[in-house]
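Here is a quick walk through a small protein model, written for someone who would rather look than read tables. Keep the viewer open as you go.

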Amino acid sequence: MSVKNGDFVRVVQERLLNSLEALASDNQFPAYIYETKGEVVDLRGDYGLVRFRVPTPNVWLRIDQLELFP
């Protein structure tokens, strides 16, 4: 999958759980990252900066942990 700036995405729970990113932080992620759309606002290497429409900070996630929002 090719993700680019401006795409709307959501996190694939199976790919995020037990990943290095999940092990390095609290692994109880909020439900909104799996259920709502976030916008890719920046790309750097294998990571994308995703902004969700809730009052929280943007988050860097691996591109392979994201899928286009239907």
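What follows takes the overall fold, then a handful of individual residues.

**The whole chain**

Bear in mind that this is a predicted model. The protein has three helices and five strands, and along the sequence they run in the order β-α-α-α-β-β-β-β. How does the radius of gyration fit a compact globule? For 70 residues such a globule would come out near 11 Å, and the protein has 11 Å, so the two agree. If you like box dimensions, the C-alpha trace spans about 25 × 25 × 20 Å along its principal axes.

Of the 70 residues, 31% are buried. The accessible surface adds up to about 4,600 Å², and carbon and sulfur atoms account for 52% of that. Contacts reach well along the sequence, too: among those with a separation of 6 or more, 53% are between residues 24 or more positions apart. As for charge, there are 8 positive and 10 negative ones, and their mean positions sit 6 Å apart.

**Five residues side by side**

Here is how a few positions compare in place and accessibility.

| Residue | Where | Relative accessibility |
|---|---|---|
| L66 | strand β5 (residues 66-68) | 1%, buried |
| S19 | loop between α1 and α2 | 6%, buried |
| E39 | strand β2 (residues 38-44) | 17%, buried |
| F29 | loop between α2 and α3 (32-35) | 23%, partly exposed |
| N18 | loop between α1 (13-16) and α2 (20-23) | 69%, exposed |

**The strand residues**

Start with E39 in strand β2. Is this residue buried or exposed? E39 counts as buried because its relative accessible area is 17%, and the cut-off for buried is under 20%. Which side chain does the E39 side chain pair with in a polar contact? The partner is the side chain of R53, at 3.0 Å. Leaving out neighbours within four places in sequence, E39 is also in contact with G6, D7, F8, L49, V50 and R51, with R53 on that list as well.

L66, in strand β5, has a relative accessibility of 1%, so it counts as buried. Its C-alpha atom is 5.7 Å from that of R10, although the two are 56 residues apart along the chain.

**The loop between α1 and α2**

N18 and S19 both have their place in the loop between α1 and α2. N18 is exposed, with 69% relative accessibility, while S19 is buried at 6%. N18 also has a phi near 65°, a positive value in a residue other than glycine. Most residues other than glycine have a negative phi.

What does the S19 side chain reach? One of its polar atoms lies 2.6 Å from the backbone oxygen of L16, and the side chain makes a polar contact with the side chain of Q65 at 3.4 Å. Setting aside neighbours within four places in sequence, S19 is in contact with R62 and Q65.

**F29, one loop along**

F29 has its place in the loop between α2 and α3. With 23% relative accessible area, F29 counts as partly exposed. Not counting residues up to four places away in sequence, F29 touches L16, L17, A22 and Y34. For a sense of spacing, the C-alpha atoms of F29 and V12 are 12 Å apart, with their positions 17 residues apart along the chain.

Definitions and conventions:
Residues are numbered from 1 along each chain as its sequence is written. This is a predicted model: local features need pLDDT of at least 70, side-chain atom pairs count only at pLDDT 80 or more; totals for chains, interfaces and linings use all residues. Side-chain values use heavy atoms; hydrogens and water are left out. Helices (H or I, at least four residues) and strands (E, at least two) are DSSP runs, numbered from the N terminus. Buried means under 20% relative accessible area, exposed over 50%, partly exposed in between (1.4 Å probe, protein chains only). A polar contact is a pair of N or O atoms within 3.5 Å; within protein, one must be able to donate a hydrogen and the other to accept it, and residues adjacent in sequence count only if both atoms are side-chain atoms. Contact means heavy atoms within 4.5 Å. The radius of gyration is taken over C-alpha atoms; the globule rule is 2.2 Å times the number of residues to the power 0.38. Accessible areas come from the Shrake-Rupley method with a 1.4 Å probe; for residues, only the protein chains shown count as cover. Lys and Arg count as positive and Asp and Glu as negative; His and the chain ends are not counted. The place of a charge is taken as NZ of Lys, CZ of Arg, CG of Asp or CD of Glu.
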